[in-house]
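Colleague: I should like to learn how salt bridges are read from a model. Could we take one structure as the example?

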Amino acid sequence: MSVITRDEAQLRAQFLDVHRYSIELDLTTGDETFDSRTVIRFSARTDGDTFVELKPAELRAVTLDGQPLDPETFEDERLPLRNLTAGEHELLVEAVMPYSRTGEGMHRFTDPTDGETYVYTQLFLDDVQRVFAAFDQPDLKAVFELTVTAPDGWNVLANGITEHLGEGRWRAAPTPPISTYLVAVAAGPWHSVRTEHRGLPFGIHCRRSLAPHLEADAEEILEVTRACFDRYHEKFEELYPFDSYDQAFVPEFNAGAMENPGLVTFRDEFVFRSAVTETERQTRAMVIAHEMAHMWFGDLVTLRWWDDIWLNESFAEYMGYQTTAEATRFTDTWTDFGVARKAWGYDADQRPSTHPVAPEAVDDTAAALLNFDGISYAKGASALRQLVAWLGEKDFLAGINIHFKRHRFANATLADFIDSLAAATERDVHAWADAWLRTTGVDTLTPAVESVDGVCTLAVDHAGSRPHRVTVGLYDRDLGDEGRGRLTLRERIGLDVPQGAPESIGKRPAVILLNDGDLTYAKVRFDADSFEAVRTGLSGLPDPLTRAVVWNALRDTVRDGELPPQAYLETARAHLPLETDLAIVQGVLAFASTHVADRFLRPEDRPAALATLSSLCRDLLRRTEDGDNPGLRLVAVRHFIDVAAHPDTIAAWLADGTVPGGPELDPELRWRILVRLAVLGATDEAAIAAELERDPSATGREGAATCRAALPDPEAKRAAWESMFVTDDLSNYLFTATARGFWQPEQADLVREYVPRYYEDAVALAARRGPAIAVAAGRWAFPYHAVDAEALALGEACLNEADPVVALRRKLVDELDDLARALRVRGE
């Protein structure tokens, strides 16, 4: 697979100006391919050679300035353009292009519910070449004119307002100058809800079979969209720069969403067909806000090259959470960020594959794709949150607006952005950027407390190199709270780390919590007295964001081998039944089950851990019997199913179609139970087939694939393995669903023979099927529960000897580092 290097891109950008693409796509030519005709108008600054990229099934014809070029010169997905003269040129490329089943390029999906077919583009990072010929790099912006021929009954969505010309032909309004990876098309018999806001057409779209579920949530989605749109117009001096705002919820989407200007695409799991919690609704709102922020951070002003991914993703991540909290009913977004997203960043930053938020150089597009990770999103957003705390929001927004004004519809670098910030403040933002954006790893902050004559002083031991502005929370025990250990806030003090003289804090508090409010990015530790106080009084801390900081600290100490995994479970057992914040409950239960019980504990200790978690979930179910907190009850039901060690209770729920006291089982819960019953050997193929007949949707097919792969039967495992690694028939989602069922800690002996096979087969699969499947194979099909030295040695040998493609290599490096960490936590 051809990639473009940074050096090649720089040379081409110096050589070319690209003005306009006129693209014609014909989607009526069959189920496997579509026709693509592209006219590119560009100019060369000097005489010379260059190339254009394309990944066709068939290259039919190429003409340059009216003269035919030899298609035989096409090689390695590049068409050379030789002996160009300085001045204007026109390139015409006609090709047959293959549809994708892996979520890359032009993805084609047929809905099993009703047989309707949909196609959509996902052209990030360099997949535009799968749809039309292009000079594919972000700093060669151009105007795009698009015409699409689609089957009767289809609607066509694009970056600009589309017009039906008759006979299946659709024309989209020309775009402003945008990068190639941001071009978008979505075609099919969409169900649409349309409105207007501030004089612009707004729309939300999904496949027809999801129409009732979209209609049920349409007002909430549009309300969030309007509120965020208005809030961004209060923050940004540049108005929204495109002619419409459509949001399409599309099937089998690899990312959470994609910021195509004027046509944001989302994975259609965000059209909820089963019950969800408020936290999940909040996540959807945040993703809407995140993608809308990209209209400015990424679309209006675009990175010049992929080493500045953070200029897109870190800003959208920060703005998504901040604006959701400011403009919608979901005001506690930073708690969810602290529990879920920030842990993603901390984990990524402690692996061998870590990289700076803004790396000095990303050599090529294959390397760039790997950096869309917890560092570019969560760590980068955390760094920006710390920047706002240090700089002040007024100067921060002033710098952003300077940046937009200077670089609108153009490209920018880290240096450009820092210069814009420097124009808005007297602080040394260049030094800040060097310390925060050019370094790797996680600093650790630990309180050092001294007491003289009953008066305490606080210093902060700082392991790391970055400056931090932190808030320190001082908490006292409320002795009048009937012994329940409630902790009350005495005060919060601000400290700069490194600090000068120790800070006087008066009488010794029960708890000293560094980074209270979670405004910086660092691991925090406790002094001995504070540690004991939070272990006994964690649920008595008054603020959910404070509790999230504590839970993150406990999580870190488990991963670093400083706190026994059993102690984390005991703390969860003691305090989670009293927790009121859903994000915290979800995050703690997820870590306790998938990391602690499934991996950090030895197999002989796992049954006791599952019993503890089952007991905890029963407490939550009892607490929610009155129906006042359906979200918490739903979380408890889900996790009770996931950790069930015996089938009787959940099998009875499935037979009855309800949990006693509610909820009734919707499709998500039914499949969840059936998967767990399959793992436990308490169901069979007949029951799976019957459930699939009951729910023949795409989600139902995925549920059935997971169940079948999870059956503790040698033939079922053989069939699942062959479908993943031999036949190449599975779409990206069905591959992931099958992989999720295959490896189960209860079935370690049954699947032991597949552990060595995984490495050879995954390497071959990734080379055949491309980056999306390579990532899925490295993430979901990895033998996660094989925690032993032999499995680690097999993986290391694969890295040293098998030469996996870069996307798979990166995932294997991360997974093997996590495996080594699990062995250290176990003391093995």
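Modeller: The following turns discuss salt bridges and their surroundings. This is a predicted model, in which local features need pLDDT of at least 70, side-chain atom pairs count only at pLDDT 80 or more, and totals for chains, interfaces and linings use all residues. Residues are numbered from 1 along each chain as its sequence is written, and side-chain values use heavy atoms, with hydrogens and water left out.

Colleague: What is a salt bridge, and how many does the structure hold?

Modeller: The term denotes a side-chain nitrogen of Lys or Arg within 4 Å of a carboxyl oxygen of Asp or Glu. The structure holds 70 of them.

Colleague: Which parts does the pair Glu220 and Arg284 tie together?

Modeller: Their side chains meet at 2.9 Å, N to O. Glu220 belongs to helix H2 (residues 211-235) and Arg284 to helix H3 (residues 278-293), so the bridge ties together parts 64 residues apart in sequence. Helices here are DSSP runs (H or I, at least four residues), as are strands (E, at least two), numbered from the N terminus.

Colleague: Is Arg284 buried or exposed?

Modeller: Buried means under 20% relative accessible area, exposed over 50%, and partly exposed in between (1.4 Å probe, protein chains only). Arg284 is buried at 2%, and Glu220 is buried at 15%. Both residues belong to a salt-bridge network that also links Asp217, Glu278, Arg281 and Arg329.

Colleague: Where do Arg672 and Glu668 lie?

Modeller: Both are in helix H18 (residues 667-679), 4 residues apart, about one turn of the helix. Their closest N and O atoms are 2.5 Å apart. Arg672 is partly exposed at 23%, and Glu668 is partly exposed at 26%.
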